[in-house]
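Subject: Structure handover

Hello,

Here is the structure for you to look at. Please open it first, then read my notes below.

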Amino acid sequence: MDRRLIVGYQSAVDYWRATRVASLDKDEPEFDGKIIGAQPLASSEQVLRAISLCCTQEPLDVVCQVRSDRRNSRLVVNRVWKGPLASGRTLALGNGIEVCKMPVVFSQMGTVLDEISLAQLANEMMGSYVIDLNKEEGMVDDLMPLVDISELRGYAKSARALKVRGAARACRALELAAPNANSPREGDVAIFMMQSRALGGIGLRGFKMNVSVKLPAPLASKLEQKTIIPDFSWPNGTVVEYDSKQEHQSPEARAHDELKRRAYQAVGMDCLTLTNGILRNNDEVELFFSELERSLRLRRRPPNEQMLESRKILRERLFGAEIRAGA
């Protein structure tokens, strides 16, 4: 009988979130409770220790690969996982406690989350932020990505080949995920753009997020910088900047943004600014993304009524209830 305690699913998500937040601390991390050393722990002690180490709450999501290894404890939710767990798929925390690494956890979460929520989790773990409900902003930023998309996709595909439950959904969700998001809202914009039009999205791909773009010499001279890092960029020179605060900008700041936009256009680049006000209004969303399609030189049939209705539902899920102009 395998007496390792392997933490997975949501409890493992909590661990990796806490680890990323802790990476910002310059001091050595402190552990709550007793340091037991090499002495084996009783099963209940091991579970309590794992809850503390993972910065999670009971019940603890414990992974086993055969039903006979399930634990009889009110502090535990036993989850039988048939996906690969060998070859460095877990991280040892000591005292017989291990936690599944993120590629494994992501596929596990395919059994409990839908594709949109899974894509949001992928964006978080591949981005420079982490969800932290203890912070007023709801997140911590300026972090290094925990994992890249090739790692998530590689494990999900191997698990799908074994017909492991949740893996196929994880693979589909990764079609909506994009690396390098700087905030949850940027990640949600990426999902909205990448989702198919039939399912409520815009159906636009081919962009990169927060990747340095070398400016043409005339524009570099005008803006006094050689590169920019736009929120979204396409190979044809179209860039989209997401500005959550534009509605509250001063007239001077707005004028500066307009000068920058004209400078882009003067050298054949097109800069569009996406705001919360646009994202919270169905008509504004349609106007903005029609303009983006024109900038990308895409010719597509207008969305039909069913597409527009699906788009309203997805837009509200990602960005909140509609706020009509003048409300």
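Start with Asn-282. Leaving aside its neighbours within four places in sequence, Asn-282 is in contact with Lys-312, Arg-315 and Glu-322. Keep in mind that this is a predicted model. Asn-282 is found in helix α11, which covers residues 282–295. Is Asn-282 buried or exposed? Its relative accessible area is 13%. Buried means under 20%, so Asn-282 is buried.

Next, the sheet. Strands of a sheet pair through backbone hydrogen bonds, either parallel or antiparallel. Here, five strands form an open sheet. Their order is β3-β2-β1-β5-β4, and the pairing is mixed. Which strands sit at the edges? They are β3 (76–80) and β4 (90–94), and each pairs on one side only. Neighbouring strands of this sheet are turned against each other by 40 degrees on average, direction ignored.

Now zoom in on one pair. β4 pairs with strand β5 (residues 97–100) in the antiparallel sense. Four bridges join β4 and β5. One residue to find is Leu-91, whose bridge partner in β5 is Val-99.

Then the helices. Two packed helices are described by the angle between their axes and the distance between the axes. I have two pairs for you.

The first pair is helix α3 (residues 102–109) and helix α5 (residues 149–161). They pack at an angle of about 60 degrees. Their axes are 8 Å apart. Angles from 35 to 65 degrees count as oblique, so α3 and α5 are oblique to each other. Their crossing is right-handed. On the α3 side, the contact is made by Met-102, Pro-103, Val-104, Phe-106 and Ser-107. On the α5 side, Glu-151, Leu-152, Tyr-155 and Ala-156 take part. What kinds of residue make up this contact of α3 with α5? Seven are nonpolar, one is polar and one is charged.

The second pair is helix α4 (residues 115–126) and helix α7 (residues 184–194). Their axes come within 10 Å. They cross at roughly 130 degrees, and α4 and α7 are therefore oblique to each other. α4 passes α7 in a right-handed crossing. Ile-116, Ala-119, Gln-120 and Asn-123 in α4 meet three residues of α7: Gly-187, Asp-188 and Ile-191. The residues of this contact divide into three nonpolar, three polar and one charged.

Best wishes

Notes
Residues are numbered from 1 along each chain as its sequence is written. This is a predicted model: local features need pLDDT of at least 70, side-chain atom pairs count only at pLDDT 80 or more; totals for chains, interfaces and linings use all residues. Side-chain values use heavy atoms; hydrogens and water are left out. Axes are lines fitted to C-alpha atoms, for helices over the stretch in contact, and angles run from 0 to 180 degrees between N-to-C directions. Helices (H or I, at least four residues) and strands (E, at least two) are DSSP runs, numbered from the N terminus. Angles under 35 degrees count as roughly parallel, over 145 as roughly antiparallel, 65 to 115 as roughly perpendicular and the rest as oblique. A crossing is left-handed if the near helix is turned anticlockwise from the far one by less than a right angle, and right-handed if clockwise. Contact means heavy atoms within 4.5 Å. Ala, Val, Leu, Ile, Met, Phe, Trp, Tyr, Cys and Pro count as nonpolar, Asp, Glu, Lys and Arg as charged, and the others, Gly among them, as polar. Buried means under 20% relative accessible area, exposed over 50%, partly exposed in between (1.4 Å probe, protein chains only). Two strands pair if DSSP finds at least two bridges between them.
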